[in-house]
2 protein chains.
Amino acid sequence: MTRVSIKDIAKAADVSHSTVSRALSDSPLVSAETKTRIQSLARQMGYSPDAQARSLVMGRTLTVGVVVTTITDPFIAEIVQAIESTAHDHGYSVILASSNAEPEREIAAVEMLRSKRVDGVLVTSSRVGAIYHEHLERLGVPVVLINSHSEHAGRYTFSVNVDNHHGAYQAIQHLIQLGHERIAYVTGAADQSDDLERQAGYRQALTEAGLPYDPDLVIPGTGHADSGEQALPIALAMPKRPTAVFCYNDVTAIGLMLAARQAGLHLPHDLAVVGFDDVPTASYVYPPLTTIAQPKRKMGRKAMDMVLVLLQNGAPHLGQVSNVVVRGKLIVRESSGAQLLSAEA
Amino acid sequence: MTRVSIKDIAKAADVSHSTVSRALSDSPLVSAETKTRIQSLARQMGYSPDAQARSLVMGRTLTVGVVVTTITDPFIAEIVQAIESTAHDHGYSVILASSNAEPEREIAAVEMLRSKRVDGVLVTSSRVGAIYHEHLERLGVPVVLINSHSEHAGRYTFSVNVDNHHGAYQAIQHLIQLGHERIAYVTGAADQSDDLERQAGYRQALTEAGLPYDPDLVIPGTGHADSGEQALPIALAMPKRPTAVFCYNDVTAIGLMLAARQAGLHLPHDLAVVGFDDVPTASYVYPPLTTIAQPKRKMGRKAMDMVLVLLQNGAPHLGQVSNVVVRGKLIVRESSGAQLLSAEA
DNA sequence: TTGTAGGCGTTATCAC
DNA sequence: GTGATAACGCCTACAA
């Protein structure tokens, strides 16, 4: 399977390789006749242009890197799907790298992408620490962080984030409208900015409704299902039991619901539950989970669009792009008891 | 951000660029002293080797292409995760391409991968039709199909598949042991080989148990959730109602369970359900779904391993690898009623 | 131990 | 219109 190059075609067509190059790129500098002759010849010979050789001289690879913690996260998968799709529509390919949230792999991924000379990088759902950030900056290509908190600003770094504050605010407002007055919050991993923002939204909604903010109702979690399970007994053991609980994310909420069922609770009657994210599973659990849907596809598309804008005419066009915050949407299902309420009404 | 090349280092170190090249690849043909001098210089200057330039001369890119229908499928995501992970461990990167099961995008993906000169390709969960297959073969690099049926054999094409027959067989055997005698099967999309194999396993298990095979119990589906929902009324309308139903996959089973709950059925008491795949959602639905778990990580790893073997010493080593079939594992949860049974016992 | 020269497959800049 | 020629960044004989 010896590859055929433009030189081979040149030989076969008895022209110079430059003419072949021109003909194949449909340049006007070549006669219509030889152009078609060469093009059909190329097809016959099974020619495929070598993207690397081209990139080498063009200075761009038409490739972007996508760094994820794990593609196994349905939330991330959806975003990556949108990225890949819009990248494809614009002639870009995607190199995928998983970091597993391990710092070593994070920087290994970035170095790999640097060697591959990607034109841009998108990072999903990590805490972007100082070293990580520094490596990203050193790439010298546009970087877009999606739902990834970074304390550091950078010349090449932009972000797309969901409005955590507003999302949580909506969730709590919904519960308050349903008549709840004691609403617990199960947090995500400590010190994550998105968790803190959601907490702030939670608090503001309470305050605006004239309800007291009780720190005891804030139960520390990790963002994983088991922390939801562990949160349940804590909530139940409170002197004044909450009647509803808002969770940092769906996975936590689902874990909590699982534990509740095992504890013999009847949801949402005994306890209303609301999550955040709208993962696919959310609509299949019982009762179906009320949640804040993040516009994942939109976020992925938007992020890739930003990279494309930054890349127009080849070189990074900084300053034509600014950070983006998108709002999530409240999806009312059964776990919050809204159905129940309207049925009773 | 002008990139630093091997020549820049050469200039700074006052040696030739070949010496730099050697030093950086840790060649023994360079004095220990200059080697360390050059290496530290490279680090200082922020040198990053250009993978494309290297590939151009080396003839290999240390990159594989992964073609998926959609990364959004949790089943596929898990496989891709395993592929990426073992690829990374061996110094390979992954280019991801989604086909959406559209023939045009399939061949576009393959052509893209060809231009990028990937060293191998992995394809997940598609029907690989004639043209698709032909394009894959023309790549001239190893191709491994994962759970992808292809009618065509090829010089470069290998496969990793789950044992569909045995999986279905296990599922039915489980139901029979629980006392079921009328067991329905909701199929996948028509004419897919994996569905046919599962059907065959279903049938064999019945026959071996001395139960009659009733074609009426085979309900056509599509592999999507809605086909599960639509299958339920069909099952319920049968003159002799089935007491259990085995579904082509989990998604179908979950759709069916959803419909059953809405119909007021009490699962698994009124109807036992078993799926296939073990998607993450399976353990969170109510009742938790009994299913056949495909060893997704193992399959992804194995597939990538095969590519690596085929690539050892640079050129394709065909004939050192053969197709692989792995067995799934029965995961007993509550939807099949096993718990119930043991509780009653 | 190091330097020179050639080539990998392109595109681009000159001449003709 | 077309053909040399150089260049992109790297590796690797072959010379020195």
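Ala, Val, Leu, Ile, Met, Phe, Trp, Tyr, Cys and Pro count as nonpolar, Asp, Glu, Lys and Arg as charged, and the others, Gly among them, as polar. By that scheme, the surface near DNA strand C has 12 nonpolar, 11 polar and five charged residues. A residue is near a strand if one of its heavy atoms lies within 4 Å of it.

The model is predicted, so local features need pLDDT of at least 70 and side-chain atom pairs count only at pLDDT 80 or more, while totals for chains, interfaces and linings use all residues. Residues are numbered from 1 along each chain as its sequence is written, chains are lettered from A and ligands numbered from 1 in the order in which they are written, and side-chain values use heavy atoms, with hydrogens and water left out.

Stay with DNA strand C. It has 28 residues around it. The closest are A:Ser21, A:Tyr47, B:Ser18, B:Thr19 and B:Arg22. Of the strand C atoms that come within 4 Å of the protein, 64% belong to sugar and phosphate. Look next at which elements build this surface. Helices and strands here are DSSP runs, numbered from the N terminus (helices: H or I, at least four residues; strands: E, at least two). Helix 1 (6-13), helix 2 and helix 4 of chain A each supply at least two residues, and so do helix 2 and helix 4 of chain B. Helix 4 of chain A gives the largest share, five residues.

Some contacts with strand C are polar. A polar contact is a pair of N or O atoms within 3.5 Å; within protein, one must be able to donate a hydrogen and the other to accept it, and residues adjacent in sequence count only if both atoms are side-chain atoms. A backbone N or O atom of A:Ile6 sits 2.9 Å from a phosphate oxygen of strand C. For B:Ser16, a polar backbone atom is 2.8 Å from a phosphate oxygen of this strand. For B:Ser31, the distance from a backbone N or O atom is 2.9 Å.

Now turn to DNA strand D. Around it lie 25 residues, of which A:Thr19, A:Arg22, B:Ile6, B:Ser21 and B:Tyr47 come nearest. Sugar and phosphate make up 59% of the strand D atoms within 4 Å of the protein. Helix 2 (17-24) and helix 4 (51-58) of both chain A and chain B each supply at least two residues of the nearby surface. That surface has 11 nonpolar, 10 polar and four charged residues. A:Ser16 places a backbone N or O atom 2.9 Å from a phosphate oxygen of strand D. A:Thr34 uses its side chain instead: an N or O atom there is 3.0 Å from a phosphate oxygen.

The two protein chains also meet each other. Contact here means heavy atoms within 4.5 Å. It takes 53 residues from chain B and 53 residues from chain A. Together the chains bury about 4800 Å², 50% of it on carbon and sulfur atoms. Buried area is the accessible area (1.4 Å probe) that two parts lose on being put together, summed over both. B:Gln52, B:Arg117 and B:Tyr284 supply 15% of the area that chain B buries against chain A, more than any other three residues.

B:Arg117 also forms a salt bridge with A:Asp50 (3.5 Å, N to O). The rule (a side-chain nitrogen of Lys or Arg within 4 Å of a carboxyl oxygen of Asp or Glu) finds four salt bridges across this interface.

Finally, strand 2 (residues 93-98) of chain A and strand 2 of chain B pair in the antiparallel sense over three bridges. Pairing requires that DSSP find at least two bridges between the strands. Here A:Leu96 stands opposite B:Val94.
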